[in-house]
Structures are given as structure tokens and as C-alpha cells.
Amino acid sequence: MTQWRSLDVESIVSHVLRLSQFAEAQADTFHVEFLLDGRNPVRTPPFQVDFTPQDAEDLRWYLEDYLAFPLNPAPQRAARIEERMREIGVTLFRNVFESNEAMRRAWARLPDLNDTRIEIVAEVQHATAIPWELLRDPETDKVLAVHARAFVRAASNQVEPPPLPPPQPSPASQGREKIRVLLVICRPRAGDDVPFRSVASRIVKTLSDEAREFVQLDVLRPPTIEQLSAVLDAAKKRGQPYHIVHFDGHGVYEEVNQLADWLKRLSPLILGAGGKHGFLIFENPARKDNADYIDGATLGKVLTDNDVPALVLNACRSAFADPPTQPLDANSAGDVGQQVRAFGSFAQAVTNAGVAGVVAMRYTLYVETAKEFVANLYAALAAGQSLGQAVTFGRKQLALNPLREIAFKPIALQDWAVPIVYEAAEIELFPRVGAFNKTPLRITSNLQSPTSNLQFDLPPRPDIEFIGRDETLLALDRAFDSQRIVLLHAFAGSGKTTTAVEFARWYNATGGIGNDIFFTSFERRKTLADALNETIGRAFYDDLEQSGVHWLTLTNEQRRNVALQVMQQVPMLWIWDNVEPIAGFPAGTPSAWSKEEQDELVAFLRAARETQAKFLLTSRRDERGWLGDLPRRIPVPPMPMQERVELARALGKKYGQRFFEVENWRPLLKFTQGNPLTITVVVGVALRQGIKSRLEIRDFVEKLRAGEQAFEDEQSEARSKSLGASLSYGFASAFTETEHKQLALLHLFQGFVNPTIFVLVSKYVDSLEPDRNLNQDPEFDDETLNTSITLLSRAAEVGLLSSPRHGVFTIHPALPWFLKKVFDQHYPTSSVSNEEDLALRAKKAFVYAVGGFTFYLVKQARGILDVPKEVSEFGVHNAPVAVLELEEPNLLHAYKIARVHNWLNPTLEMLQALRTILLRAELIGGASPR
């Protein structure tokens with residue numbers, strides 16, 4: 001084993017203050033030994049810790065629950081706890097540094113807190129009995145854990161630390177050393193878990209361009225304990241062991257038999273939960289819950305066996321341990337390892353195994369806190385600070401920038417006490433790069449790749465930073481662990497292309513793939529030969545020439561074979577974007593590719609599965625007809641509300657406006673249905689028009705629903721950026737003029753399209769007076785209905801609609817605006833006569849169709865369900881009323897039109913339908929109709 005390399009302490013700090021905590025016989029009573037620079041120890045008289053069980057619970061609530069539930073009276077309780085935190089810190093300071101004259105003189109000898117490393121040493125069983133991180137000087141009101149040069153914890157009987165791995169020289173770093181970091185991102189609940197890159201992306205973003213030249217950041221794939229052991233072992237055998245293992249996931253401190261229930265309760269806003277023993281949760285796909293619970297001793301042995309000196313845990317409660325409630329067993333009191341196992345502190349177990357430095361969290365950690373802390377931690381490490389200094393710097397930035405937000409407006413949270421660090425000695429993991437900028441670090445730049453020569457034609461990053469999509473990026477990352485061909489499919493404007501490109505940059509930056517990343521768009525006709533020429537032919541032309549292979553002289557078949565040979569040797573990621581036109585888009589549209597050309601592309605993908613290449617395809621549909629079971633399919637879901645808020649805030653910054661009143665904007669963000677392109681457009685319009693108040697936003701949404709608010713959309717822009725172009729894509733060429741006229745009637749629908757009503761509107765629109773009265777049920781045949789469903793399904797392929805299941809359709813949030821133009825073209829308003837007013841005829845057809853069909857459902861519902869006596873004469877049945885509830889927006893819209901024009905029969909029908917919905921709501925305790 002090579003000699004462990006640590007820094008000369010004098011080269012980093014001027015003073016080292018060691019505070020050793022010793023328990024007295026009386027419960028909760030301790031004395032402390034003060035040792036400055038290793039000379040003249042001084043001890044305090046015994047004192048009782050002023051930290052009650054109620055204090056402990058209050059602090060836990062403040063740090064773990066308050067941010068998620070900040071409504072009254074929570075702010076008053078939080079203010080009281082903040083004051084109590086100050087009192088505890090001041091009392092502890094006085095118990096130690098003002099306990100007697102000798103201690104006062106000892107403290108006075110300390111000239112500068114900024115140049116002092118403070119080490120807290122405690123017996124393992126009492127390590128968390130005193131909240132040392134709260135220690136506060138009453139004279140200056142400075143928290144020592146925030147203002148010292150480094151504030152760390154050290155084990156009472158530290159074992160020999162492992163060797164520090166020799167850094168690997170980096171050719172691009174001009175002699176600078178390359179530091180190796182292995183990032184373990186565990187998300188056992190997949191898309192329902194904490195956002196995939198919530199913390200990890202900050203690590204990548206934090207590293208400056210200079211730092212990226214000497215930092216090797218790899219992601220463990222897949223994130224299992226077996227894979228971790230194998231990767232660390234292989235790195236050690238290469239003579240390049242990792243310097244840091246960074247675990248980004250869940251820590252749990254719990255009874256073993258409660259772990260499964262805990263995992264089910266986990267909130268995606270928080271990294272972890274509590275319990276009785278410390279564990280980290282690695283993934284294990286072989287288990288039903290996809291989870292392996294690994295204790296500190298096990299992980300510590302894996303790290304020390306493979307010469308890893310430092311572990312960073314942004315997992316919650318990885319440093320949590322309860323103080324003892326009863327004396328230790330006499331047989332185990334002297335066994336430090338047994339004490340660690342008894343009290344469950346994961347971080348101390350890892351330290352006890354011989355890991356030189358461990359960063360951990362004392363309480364459950366919010367994702368927002370983790371983002372802020374980890375960004376600053378790595379910024380300090382990359383500048384050459386020791387682990388203890390970097391953690392203290394991270395605490396300082398949490399204190400200086402206390403605003404955190406989960407679901408409401410930003411709230412100041414004093415969470416700087418959550419991170420703690422165990423450090424055997426000051427070790428330098430990164431080369432020093434001069435004086436470190438101590439100003440607060442704010443990360444606003446986009447995710448960068450460690451290199452700048454990504455090939456070829458990769459689209460540029462978005463104008464604003466890439467937001468969210470963590471569930472999709474996680475699914476892609478995990479899919480490529482076992483698959484070579486993956487298809488990303490989603491609704492128009494869902495950001496498929498942007499997500500695919502972001503994934504490529506992320507995958508490259510974290511060691512998933514090398515620098516050979518290709519991008520080919522199939523929006524316009526492109527054969528396999530065309531695609532190979534612009535990618536493989538360009539990228540490897542010189543290498544092939546040197547090998548005697550002259551690309552330009554090869555036949556198409558030879559180029560295909562050469563490309564596959566290159567892929568056998570070179571790992572690469574190739575994005576095939578917008579593949580839907582290859583088989584004809586929408587379905588039934590003639591393809592620009594011949595059947596032979598389509599088969600050639602599919603055959604190439606099948607052959608490429610046996611190479612080192614990975615393919616990421618994007619489409620608006622799942623492409624089963626063309627690709628069969630070849631790819632792994634991943635749908636892009638709507639953005640969750642939190643990501644919509646984050647995207648809207650980023651747009652606000654772009655337009656120079658603050659965006660904090662989330663509740664005001666929620667109706668508009670809900671209207672967008674989580675479609676990022678729609679969010680970008682409609683929020684941008686609202687911001688440019690100065691819309692801010694709740695009333696203004698509500699009126700704006702109503703105009704959007706009615707199609708009265710036009711989008712200021714640049715039609716000249718690419719389809720990926722222009723909402724109008726995105727919705728227009730395929731519409732003009734995919735449908736006949738007759739179908740255009742029929743689809744224009746979708747403008748009248750409000751969010752939900754029932755194919756039966758759509759058929760009736762199409763039938764009635766050609767009549768001056770719909771041929772039915774109040775007692776007639778609407779008539780339609782199955783063939784006409786199936787034709788209607790087919791047409792609507794094709795519209796869903798184009799992206800005008802979505803179809804969560806067969807025969808059910810919802811409207812793209814921008815559809816009213818888009819189709820209003822089409823509606824006005826085919827159904828113009830006339831002031832000459834009602835016969836000439838086609839818009840009025842269309843509205844009348846819609847009203848009669850909605851009234852007739854909903855009253856038909858009402859008659860189905862009557863007298864079938866057992867209900868209380870007071871409503872027995874108008875009972876409601878579940879199935880028909882469930883359909884009525886879906887039709888409520890259309891009902892209300894049609895009812896308003898009918899009242900304006902005094903169309904009596906459909907008005908009466910719709911009143912019956914609305915009454916049925918109301919009665920059903922009262923029966924189940926729900927809300928009344930809008």
C-alpha cells in the first residue's frame with residue numbers, strides 16, 4: 001500500500017482547535033477538552049446539554065417539514081425555533097468557552113476564526129448528543145460551523161486512513177493532474193422519485209472549463225452495489241482508483257422491517273427518512289422494490305479495499321444517530337465497531353472502516369438545499385480546498401443565500417446545520433489553483449460537456465436553460481444500460497428533440513459515451529446512404545483513408561459494412577430525429593421513402609445492435625408498424641407542475657420580470673397541459689403583455705380557450721421552436737379539404753372531444769335546423785362513428801389531439817388558437833342572413849349535438865342507482881354520469897351559446913345534464929359544477 005498523502009496543516013490553516021467531548025456518569029452531562037495547536041490542554045467543568053427531546057423534534061420539523069407546509073401558523077413556529085437554535089448555540093458556547101477563567105483565556109488565544117480548523121471529537125455512542133454545528137459566539141453572533149476555516153468531526157480513535165490515489169495526468173491539462181470522481185445516482189422509484197439530475201447536474205455545471213480538463217466525472221451504470229464494487233476494483237487494478245465516490249440518492253435510518261413501507265411513503269421533494277439504523281439505498285432491479293439497503297460498514301469496506309479516500313453523501317440522515325437511551329452492554333462498550341453498529345450512524349461506520357473523509361447529512365435533506373450545497377462544495381474542491389474547508393464553505397453559502405422553495409413562494413430557511421463532515425486530516429483531493437473566490441456561487445449556466453468537439457450537427461442549446469425532464473432522462477439513462485436502440489415518442493411540442501440532445505450532452509459529460517455523437521433529422525427525405533455520408537463518412541474520413549479505405553469510392557453497400565465495422569470499434573450515440581415521416585405521417589399518408597429504403601434503415605438498426613453504437617430515435621408516435629419490437633420505447637410525459645413553474649420563472653428572467661406569485665399563474669400553467677412549447681409561447685405572450693394579476697391571468701386563459709388570443713409565433717422559425725409551425729406540420733398535406741372543414745369544428749370543443757358528439761356536429765352542420773326535437777335521441781351509425789374515430793386518430797398523430805386510450809381524445813392546449821383560423825376560413829360569419837352565416841350554423845350544430853347526446857346520457861342514468869329518498873326521483877348511474885362529467889366544459893360552453901340565441905330545446909336538455917352532474921357531486925361529497 002502506498003503512503004497516504006495529506007497536506008501540511010500549517011500550509012492551509014494557522015491554527016487547529018480540537019474540542020474533545022467526554023461523557024460524565026450523569027445522563028446528558030459532559031465535559032470538553034480544549035486543545036489549541038496541540039499545546040496546553042484545558043478542560044471545562046461538567047455541564048448539562050441544553051438540548052431537550054422537544055428541541056430535537058422542533059429542529060427536525062423545521063428542517064424537514066416546514067418548507068413543504070409553510071402555511072399559518074407554521075411561520076410563527078419556525079421563527080420561534082430559529083430563535084431557539086440561536087439560544088442553544090449561545091448556551092453551548094458559554095458552557096464551553098466561558099465555563100471558567102482557564103477556558104476564557106484559551107479562547108482569547110485564538111486570534112482569527114477564519115484561519116482556524118475546528119475539530120470535534122466524540123465517543124461514537126455520544127457523537128450526536130451535542131448539536132455542535134449550532135455553536136455560536138454571543139459577542140459576534142457568529143456561528144463557528146459557518147465562519148471557521150473548516151469545522152469538522154473526527155473519530156475518537158481514528159484508524160489508519162487509506163492511501164490517496166495518485167492523480168492521473170491529463171494530456172489536455174498541460175501537466176495538471178486529473179481527479180477521478182464516480183457519481184452514484186440511485187432512484188429506486190424511477191420517475192416517481194427525486195428528480196434524476198437534481199443534484200448531479202449541479203456538479204457538472206459547477207466545474208469550470210478549466211476544471212473539466214482535469215476532472216474525470218463518471219456515472220455508475222447501473223447503480224448497484226455489485227457494479228460499484230466491480231468498477232472500483234477495475235479502476236484500482238488499472239492503477240487509477242477513484243478519489244471520490246459521490247452518492248446521490250436516499251439514506252434511511254430505520255428499523256429493517258420498516259424499510260419497505262418507508263420507501264412507499266417517500267416524498268419526491270425530500271431525500272430520505274428516519275429510523276434506527278443507517279443505510280444507503282442502492283438500486284437492485286432483481287428485487288420487487290428495486291432497492292438494496294447497504295450499511296456503512298459494508299460500503300466502507302468496499303471503498304477502503306479499493307483505495308477510495310473520500311465519500312460524499314447527499315443522501316438524507318446518512319449522519320443521523322440517536323444518543324443512547326440506556327447504558328451500553330459491558331461486552332461491547334470498548335468495541336468501536338460494535339458501537340457504530342448499535343447506534344446506526346452510517347457516516348461514522350464508513351469513517352470507522354478507514355475512509356479518510358465523509359460528507360453526510362444530519363437531517364432529511366430537501367432537493368433545493370442539496371442543489372445549493374453540492375454546487376458550492378464542488379466549486380471549493382475544484383479550487384483546491386480540503387474536504388473540510390469545502391463543506392464549511394458550502395455551509396456558509398447556505399447561510400448567505402437562505403431562500404428555498406418547494407411549492408409556494410421562497411422562504412428563508414436556516415439549513416446550514418444539515419451538512420456535516422468527518423475528516424481524519426486535511427487532505428487535498430484537487431490541485432490548488434490559487435486564491436479561491438469566497439463570494440456566493442450562483443449557478444445559472446447550462447450543462448456543459450467536458451469537450452467541445454461533439455460531432456456532428458448537434459442542435460444548439462435552448463435560448464433559456466434546459467428545464468426538468470428528469471424522469472425522461474432517467475428512463476433513457478437506465479434504458480441504455482441494457483438496450484442499444486431507444487425510441488422517444490410524445491405529443492407535438494413536448495420537447496423530444498431538445499430532451500434527446502440534452503441527454504446526449506449529459507451522457508457524454510458523465511462517461512456514458514465518448515465524444516462521437518451524431519445527429520440526423522429525417523424531417524425531410526434522407527436515405528441510409530445519405531445519413532452515413534453526413535456522419536460516419538465525415539467523422540472518420542481521415543482515419544479510413546489512413547487505413548486504405550477510400551470512402552468516396554465505395555458503393556452504398558460497402559459504406560454500410562464499413563460503418564458497422566467502425567461502430568464495432570468506436571462507442572457512439574446517434575440521434576435519429578423526427579423519424580415519423582419514414583413510414584408516412586400521419587398513418588395512411590404516402591411515404592417519401594420506398595419500401596426498400598424503409599427496410600434498409602430498419603435492417604441497419606438491427607445490425608447495429610451487435611456493435612458499440614447506441615441509437616436514440618424521436619417520433620410523435622410509437623412507430624410499431626415500421627419498427628416492430630426493435631426499440632425500447634419511452635414516452636415523454638407532460639411536465640409536472642413544479643417543472644412548469646421553473647420553466648415559467650426562467651422565461652420571466654428572460655423578459656426581465658420576477659415570477660414569484662405561483663398561485664396567480666397556476667391556471668395558465670394548468671391550461672398548457674405540461675407542454676413545454678406551449679408554456680414557452682403562452683407565458684411569453686402573457687409576460688410581454690404585462691399580465692400579472694390573478695384576474696388578468698384568468699381572463700387570458702379564457703381567451704386562449706376561446707381561441708381569441710393569438711400567439712405571437714414566428715412561423716419562419718424551425719418546427720422545433722415555432723408552435724404554429726409545429727401544429728401546422730402535416731396538417732395541410734395529411735388531410736383533404738373536406739377533412740380540413742370537418743376538423744375545423746374541433747374549435748368549438750373545450751378540452752375534450754367525444755367522437756359521438758363530433759359525428760353529430762358534422763351531421764347537423766349542413767342543416768339549417770337540426771332534424772330532431774326534445775324527445776328524439778340522436779341518431780348515428782357505427783360506420784360513421786368509426787370513420788370519425790379514424791379521422792381524430794390521424795389528428796392525434798399530427799399532434800392536434802392526444803389519445804390516452806382508444807376512442808378518447810383531448811385537445812392540444814393551443815388548438816383553439818390554431819383551429820380558429822381554420823374555422824374562420826371554412827365557417828365565415830355573415831351579416832346578410834342566418835342561412836349565409838356558416839359560423840352560426842356550426843355553433844348551432846354543436847349546441848344541438850351536445851344537448852342531444854348529454855340528455856341521452858341523462859335518460860340512461862335515471863332510476864338505476866340507489867340513492868337517498870330526496871333524490872330518488874332523479875337517480876344517477878355511475879357510467880353515464882362519468883361521461884357527463886367529462887363533457888362538463890363542453891356543456892357549459894354550449895349552454896352559454898344556446899342562451900344567447902334562445903335555442904330552447906337544447907337549453908332544456910343541457911340543464912337536465914348539468915343538474916345530474918350536480919346531484920352526483922352532492923352524493924359523493926364533491927364540488928358543484930363550475
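Okay, let's start with one pair of residues: phenylalanine 519 has isoleucine 575, over in β25, as its bridge partner. Before going on, please keep in mind that this is a predicted model.

That pair belongs to a wider match between two strands. β24 and β25, the latter covering residues 572–577, run in the parallel sense and are held together over 5 bridges.

So what order do the strands take in the sheet? Reading across, you get β24-β25-β26-β23-β27, which is an open sheet of 5 strands with parallel pairing. Now look at the two ends. β24, residues 517–521, and β27, residues 632–635, are the edge strands, and each has a single partner strand, so one side of each has no neighbour in the sheet. As for the twist, going from one strand to the next it averages 20°.

Let's walk inwards to β26. On one side there's β25, which runs parallel to β26 and is joined to it by 5 bridges. If you want a pair to click on, leucine 573 has lysine 614 in β26 as its bridge partner. On the other side is β23, residues 485–489, and that strand also pairs with β26 in the parallel sense over 5 bridges. Here you can pick isoleucine 485, whose bridge partner in β26 is phenylalanine 615.

And how do we get from β25 to β26? There's a helix involved: β25, α19 (residues 595–608) and β26 form a β-α-β unit, and it's right-handed.

Staying with β26, how many of its residues are buried? The strand spans residues 613–619, and 7 of the 7 are buried, so the rest of the structure largely encloses it. You can split them by the way they point. Ala613, Phe615, Leu617 and Ser619 go one way, while Lys614, Leu616 and Thr618 go the other, and all of them are buried. Yes, that includes Lys614, the lysine we just saw paired with leucine 573.

Last topic: cavities. The structure has 5 of them at 30 Å³ or more, and the largest has a volume of about 130 Å³. What kinds of residue line that largest one? By class, it's 8 nonpolar, 1 polar and 3 charged. Among the lining residues are Phe51, Leu59, Ile130, Pro131 and Leu134, and you'll also find Glu133, Arg153 and Arg362 there. Thr128, Tyr363 and Ala417 are in the lining too.

That's my tour, so feel free to spin the model around.

Conventions
Residues are numbered from 1 along each chain as its sequence is written. This is a predicted model: local features need pLDDT of at least 70, side-chain atom pairs count only at pLDDT 80 or more; totals for chains, interfaces and linings use all residues. Side-chain values use heavy atoms; hydrogens and water are left out. Two strands pair if DSSP finds at least two bridges between them. Helices (H or I, at least four residues) and strands (E, at least two) are DSSP runs, numbered from the N terminus. Axes are lines fitted to C-alpha atoms, for helices over the stretch in contact, and angles run from 0 to 180 degrees between N-to-C directions. On a 1 Å grid over the protein atoms alone, a cavity is a set of points where a 1.4 Å probe fits but cannot get out, and a pocket is an open set with protein on both sides within 12 Å along at least five of seven lines; lining residues have an atom within 4 Å of a point. Grid points are joined across faces, edges and corners, and a volume is the space filled by probe spheres set on the points. Ala, Val, Leu, Ile, Met, Phe, Trp, Tyr, Cys and Pro count as nonpolar, Asp, Glu, Lys and Arg as charged, and the others, Gly among them, as polar. Buried means under 20% relative accessible area, exposed over 50%, partly exposed in between (1.4 Å probe, protein chains only). A crossover is right-handed if, with the strands pointing away from the viewer, the path from the first strand over the helix to the second runs clockwise.
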